[in-house]
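This report describes side-chain pairings, burial and one surface patch in a single protein chain. Please keep the sequence and the model in view while reading.

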Amino acid sequence: MTLLGIRVCKVAEVSEAAAIAETFGKLGLENTMGAGEGGFSGAIFSALDQSWVEVWASGPGMPEGIMLQLVVEDAEAMAKAARANGLSPEGPFQMHGETVYCLTLPGGLAMSFQSKNI
């Protein structure tokens with residue numbers, strides 16, 4: 001499997017999420033989502049083409065927590081290998097032009113792996 005990028009996503013109550021995003025801004029990092037309109041909705045701080053940090057406000061379908069996201073060359077192949085090795089990834093889900101699978105790692109850390117749809 002080829003790992004193309006790593007993302008970390010933090011979902012928190014809106015004031016905490018906004019404060020985290022503000023802290024990244026104070027570190028000189030650019031929110032590539034721009035300022036947004038109205039209240040805080042989210043922020044993305046890019047590192048490389050497929051690596052970044054995301055911060056989102058919690059809400060319906062967006063529970064609070066931290067998720068590690070692995071951007072891979074072929075999520076379908078990784079899911080097949082995971083299942084062959086006794087893991088049970090959930091998915092596939094189609095989101096934002098990507099095929100996404102989800103797992104919970106030992107210790108409870110949420111993880112996804114995804115690849116761009118071609």
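Does glutamate 98 count as buried or exposed, and what is its relative accessibility? The model is a predicted one, and in it glutamate 98 has a relative accessibility of 9% and therefore counts as buried, the cut-off for that class being under 20%.

**Salt bridges**

Glutamate 98 is a suitable entry point to the charged pairs, of which a search of the whole structure finds three. Side chains of opposite charge can pair when their charged atoms come close. The partner of glutamate 98 is arginine 7, and the closest N and O atoms of this salt bridge are 3.0 Å apart. The pair links distant parts of the chain, since arginine 7 belongs to strand β1 and glutamate 98 to strand β6, 91 residues apart. Arginine 7 is buried as well, with a relative accessible area of 3%.

The salt bridges are listed below with their N to O distances and the relative accessibility of each partner.

| Basic residue | Acidic residue | N to O distance |
|---|---|---|
| Arginine 7 (3%, buried) | Glutamate 98 (9%, buried) | 3.0 Å |
| Lysine 10 (24%, partly exposed) | Glutamate 16 (37%, partly exposed) | 3.8 Å |
| Lysine 26 (66%, exposed) | Glutamate 22 (46%, partly exposed) | 3.3 Å |

The salt bridge between lysine 26 and glutamate 22 lies within one element: these residues are four residues apart in helix α1, and are therefore separated by about one helical turn. Lysine 26 is exposed, with a relative accessible area of 66%, whereas glutamate 22 is partly exposed at 46%. In the bridge that joins the side chains of lysine 10 and glutamate 16, lysine 10 is partly exposed, and glutamate 16 also counts as partly exposed.

**Aromatic pairs**

A pair of aromatic rings is described by the distance of the centres and the angle of the planes. A search of the whole structure finds two aromatic pairs. The rings of phenylalanine 24 and phenylalanine 45 have centres 5.1 Å apart and planes at 55°, so this pair is classed as tilted. Because phenylalanine 24 lies in helix α1 (residues 14-26) and phenylalanine 45 in strand β2 (residues 42-48), the pair ties together parts that are 21 residues apart in sequence. The two partners fall into separate accessibility classes: phenylalanine 24 is partly exposed, with a relative accessible area of 21%, while phenylalanine 45 counts as buried at 6%.

The pair formed by tyrosine 101 and phenylalanine 113 is stacked, with 5.4 Å from centre to centre and 15° between the planes. This pair also links distant parts of the chain, with tyrosine 101 in strand β6 (residues 98-104) and phenylalanine 113 in strand β7, twelve residues apart. Both tyrosine 101 and phenylalanine 113 are buried.

**Two buried strand residues**

Serine 112 is placed in strand β7, which spans residues 110-116, and at 1% relative accessibility serine 112 counts as buried. The side chain of serine 112 makes a polar contact with the side chain of glutamine 114 at 2.8 Å. When residues up to four places away in sequence are set aside, serine 112 touches Met67, Leu68, Gln69, Leu70, Val100, Tyr101 and Cys102; Tyr101 in this list is also the tyrosine of the stacked aromatic pair.

Alanine 43 lies in strand β2 and is buried, with a relative accessible area of 0%. Not counting residues up to four places away in sequence, alanine 43 touches Ala21, Asn31, Met33, Val53, Glu54 and Val55. Between alanine 43 and glycine 107 the C-alpha to C-alpha distance is 27 Å, and the two residues are 64 residues apart in sequence.

**Nonpolar surface patch**

Which residues make the nonpolar surface patch? Leu3, Ile6, Val8, Ile66 and Leu109 form this patch, whose area is about 400 Å². Strand β1 (residues 3-12) provides the largest share of the patch, three residues. One of the patch residues, valine 8, is placed in strand β1 and is partly exposed, with a relative accessible area of 36%. Strand β1 thus appears in two of the settings described here, as the strand of arginine 7 in its salt bridge with glutamate 98 and as the source of the largest share of the nonpolar patch.

Terms used
Residues are numbered from 1 along each chain as its sequence is written. This is a predicted model: local features need pLDDT of at least 70, side-chain atom pairs count only at pLDDT 80 or more; totals for chains, interfaces and linings use all residues. Side-chain values use heavy atoms; hydrogens and water are left out. Buried means under 20% relative accessible area, exposed over 50%, partly exposed in between (1.4 Å probe, protein chains only). A polar contact is a pair of N or O atoms within 3.5 Å; within protein, one must be able to donate a hydrogen and the other to accept it, and residues adjacent in sequence count only if both atoms are side-chain atoms. Contact means heavy atoms within 4.5 Å. Rings of Phe, Tyr and Trp (its six-membered ring) pair if their centres lie within 6.5 Å; planes under 30 degrees apart count as stacked, over 60 as edge-to-face and the rest as tilted. Patches are made of residues with over 30% relative accessible area and no salt bridge: like charges are joined within 9 Å, nonpolar side chains (Val, Leu, Ile, Met, Phe, Trp, Tyr) within 5 Å. Accessible areas come from the Shrake-Rupley method with a 1.4 Å probe; for residues, only the protein chains shown count as cover. A salt bridge is a side-chain nitrogen of Lys or Arg within 4 Å of a carboxyl oxygen of Asp or Glu.
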